[in-house]
Amino acid sequence: MLKYILKRFLWMILTIWVIVTLTFFLMHAIPGDPLDMGDTGSSDAASANLAAYYNLDQPLGVQYVTYLKNVATFDFGPSMTSRSRDVNDMIESGFPASLQLGIASLVFSVISGVFLGVFAALRHNKMIDYITMIIAVIGISIPNFIQSMLFINYIAVNVDFFPIARWGTWQHVILPALALASGPMAIIARLTRSNMLEVLTQDYIRTAKAKGLTSFQIVVKHALRNALLPVVTIMGALTAAVLTGSFVIERIFSIPGIGQYFVNSISNRDYPMIMATTVIYSTILVVMMFIVDILYGLIDPRIKLHSKED
Amino acid sequence: MGQALLEINELAVSFSTQGGEVQAVRGVTFAVEKGETVAIVGESGCGKSVTAQSIMRLIPEPPGRIKNGTIHMNGKDLASLSEKQMRGVRGKQIGMIFQDPMTSLNPTLKVGDQLTEGILVHQKISKNEAKQEAINLLNLVGIANPEERLNQYPHQFSGGMRQRLMIAMALMCKPELLIADEPTTALDVTIQAQIIDLFKEIQRKTGVAIIIITHDLGVVAQIADRINVMYAGEIVETGTVKEIFYDPQHPYTRGLLDSVPRLDGDRTQKLIPIVGSPPDLFSPPEGCAFAARCDYAMDVCLSHDPEHTKLTDHHYTKCWLQDKRAQKPF
């Protein structure tokens, strides 16, 4: 097990390195220059100074090596747009909000998605089933930025309990998290439902029933665990969906997270910021996939978590 | 004859499908005495498994439902119990073993959990006592190192071992009746023999009555005291093992016995099948269900359903040929 974790850890670092490298070169391949602000009247000498400050005057290969060294020490360098702050500062100030929002929506989507899916499966072809699946279709088909605006317009404006925008108290989390979670929740609900329906016809469910267990025991102990495996599988992909969704949601609700920096940095060619946010998001994703694999082994004992030599 | 443990009377089970109502079981009557082994044999789709699952009320409702008849266990009618009362019967008074041990155990739960969860529901005992009981039973069914095995998962057991687990599981609460639904079908022949021996040994040690459902006449000959031959949802012949094997009276029973390959005799001889296929249970025929495939069918067979004719104390058959009104051939 320890050997497996160690091996996976090395792979994670390798993956992140590949992402960093790809992003670095792609970023430099985009036309345009962070220092090219149009005709601002700055002198050539000033431009040259700035280029030197950001290492932009050196060949790309040298820049890359320097950059890798900095990333390895978690130093993402100064930002090119807010010149007074460096990237680390900005991320530290924005990350907590993004993390809270991300975790809140993931937790909400998993819990409510699984609940809805199970209830729909247990009441297959009955009212609850249809209502749940209608909710799921709505969740999938209405984009989260539309949902956010609807939430703001019809809920936040009318109910004082929910703030319209900004960040701070726990009430601030609810509406954006809900908008961000609805898509993943719908996907989880549909997946859980179809898996539950399949698992409930399995022979071992009949065995459990023949032992005289109650329906509740059968569902919780025998069915749910087996039905959740595919749900766990897509958790990695859903985390990615929540992360990318958060760029937009943070913007709509004016949440001071890192999503706004990510979006702005691309149009501004703010190289250090692009790199920093990419590294953070990809690390989160890679770690999430790792957690998913560990969960796999815990849920299904047939999946062995060790390298082949063991 | 002792007191009957289980008495099934005129049991009829139907499934409603889009194409109409399938009458899977059409008036089955039989009894099981304490400590005896009763076999139900018949080809696929004759209603033997549905009969067994109806006793446990395990047929999915809907689409299935018990249309008619009673199932008395120790004088209590299982067919009319509530779902909650029925839970008290399942596993406790009747244990059940299913056909495929590979899929009948939950792959994600430890074997120990699966063995003990039933007894923990039915009896007020501690987890340790339940575990001790599981160890005793694993010893009884011949699984070595029971204590270690309890912490393993089903995929760490072979097919034969899993069927032993299923048997141990069904015996946890010391039921009076064990229903084994094709318990040897999914196993290879040597393992089959071991499992059959195990059934016999368990019956000797615990005195449990067994209903064994199979289409394998070899299994039946080794284990059963009495045999019910089912065809198209009905019992067409019932008798002791000797009566059925040496003196079969229903043409279907004879056809079944004839179709068993013989190890002695001419190897070049082809198998003798029963020609044709069973009737459509959406609309069972008016007369005898077997008439269309029967070499001895008479006019009366096509128009009138035969009654059960008593041949000896245990031996009954549902065939016009044996009817008292039938002409004696000689």
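**Strands, helices and contacts: exercises**

His72(B) stands opposite Asp77(B), a residue of β5(B). The model is predicted. Work through each task with the structure in view.

**Exercise 1. A sheet of four strands**

Task: Find the strand order of the open four-stranded sheet in chain B, and say which strands stand at its edges.

Solution.

Step 1. Start with the pair His72(B) and Asp77(B). β4(B) and β5(B) run antiparallel and are joined by two bridges.

Step 2. Move to the other pairing of β4(B). Strand β4, residues 64-73, pairs with β1(B) over eight bridges, in the antiparallel sense. Here Leu6(B) faces Met73(B) of β4(B).

Step 3. Now take β1(B), residues 4-17, and β2(B), residues 20-33. Eleven bridges link them, and the pairing is antiparallel. Ile8(B) lies opposite Phe30(B) of β2(B). Two residues form the hairpin that connects β1(B) to β2(B).

Step 4. Put the pairs in a row. The order is β2-β1-β4-β5 in chain B, with antiparallel pairing.

Step 5. Look at the ends of the row. β2 and β5 (76-77) of chain B each have a single partner strand, so one side of each lacks a neighbour in the sheet.

Step 6. Add the helix. α1(B), residues 48-55, packs on this sheet and touches β1, β2 and β4 of chain B. The direction of α1(B) makes about 70° with that of β2(B).

**Exercise 2. A sheet of eight strands**

Task: Which strands are at the edges of the eight-stranded sheet in chain B?

Solution.

Step 1. Write out the order: β6-β7-β8-β3-β9-β10-β12-β11 in chain B. The sheet is open and its pairing is mixed.

Step 2. Read off the edges. They are β6 (94-97) and β11 (309-310) of chain B, each paired on one side only.

Step 3. Check one pair within the order. β10(B), residues 234-240, and β12(B), residues 316-317, are antiparallel and share two bridges. Glu237(B) stands opposite Thr317(B) in β12(B).

Step 4. Find the helix on the sheet. α6(B), residues 159-171, touches β6 and β7 (177-181) of chain B. Its direction makes about 170° with that of β6(B).

**Exercise 3. Two domains in chain B**

Task: Give the bounds of the two domains of chain B and describe their contact.

Solution.

Step 1. Set the bounds. Domain 1 covers 4-93 + 175-322, and domain 2 covers 105-174.

Step 2. Note the distance. The centres of the two domains of chain B, taken over C-alpha atoms, are 29 Å apart.

Step 3. Count the residues in contact. There are 14 from domain 1 of chain B and 14 from domain 2 of chain B.

Step 4. Look at the domain 1 side. Helix α7(B), residues 189-206, gives the largest share, seven residues. By class, the domain 1 side has nine nonpolar, three polar and two charged residues.

**Exercise 4. Helix packing in chain A**

Task: Describe how α4(A) packs against α9(A) and against α7(A).

Solution.

Step 1. Take α4(A), residues 87-122, with α9(A), residues 215-252. Their axes come within 9 Å and cross at roughly 140°. The crossing is right-handed.

Step 2. Locate the contact. On α4(A), it includes Ser98(A), Leu101(A) and Gly102(A). On α9(A), it includes Val219(A), Leu224(A) and Glu250(A). The classes are ten nonpolar, five polar and one charged.

Step 3. Turn to α7(A), residues 171-199. It packs against α4(A) at an angle of about 35°, and the axes are 6 Å apart. This crossing is right-handed too. The contact has 21 nonpolar, seven polar and two charged residues.

**Exercise 5. The length of a helix**

Task: Compare the span of α3(A) with the expected one.

Solution.

Step 1. Count. α3(A), residues 60-72, has 13 residues.

Step 2. Apply the rule. The expected span is 1.5 Å times one less than the number of residues. For α3(A) that is 18 Å.

Step 3. Compare. α3(A) reaches 18 Å from its first C-alpha to its last, close to the expected value.

Step 4. Look just past the helix. Phe74(A) has a positive phi of about 60°.

**Exercise 6. Where the chains meet**

Task: How many residues does each chain bring to the contact between chain A and chain B?

Solution.

Step 1. Chain A brings 18 residues and chain B brings 22 residues.

Step 2. Stay on the chain A side. α8 (203-210) and α9 of chain A each supply at least two residues. α8(A) gives the largest share, six residues.

Step 3. Sort the chain A side by class. It has five nonpolar, six polar and seven charged residues.

Terms used
Residues are numbered from 1 along each chain as its sequence is written. Chains are lettered from A and ligands numbered from 1 in the order in which they are written. This is a predicted model: local features need pLDDT of at least 70, side-chain atom pairs count only at pLDDT 80 or more; totals for chains, interfaces and linings use all residues. Axes are lines fitted to C-alpha atoms, for helices over the stretch in contact, and angles run from 0 to 180 degrees between N-to-C directions. A crossing is left-handed if the near helix is turned anticlockwise from the far one by less than a right angle, and right-handed if clockwise. Two residues are in contact if their C-beta atoms, placed from the backbone, lie within 7 Å. Ala, Val, Leu, Ile, Met, Phe, Trp, Tyr, Cys and Pro count as nonpolar, Asp, Glu, Lys and Arg as charged, and the others, Gly among them, as polar. Domain bounds come from an automatic or database domain assignment. Two strands pair if DSSP finds at least two bridges between them.
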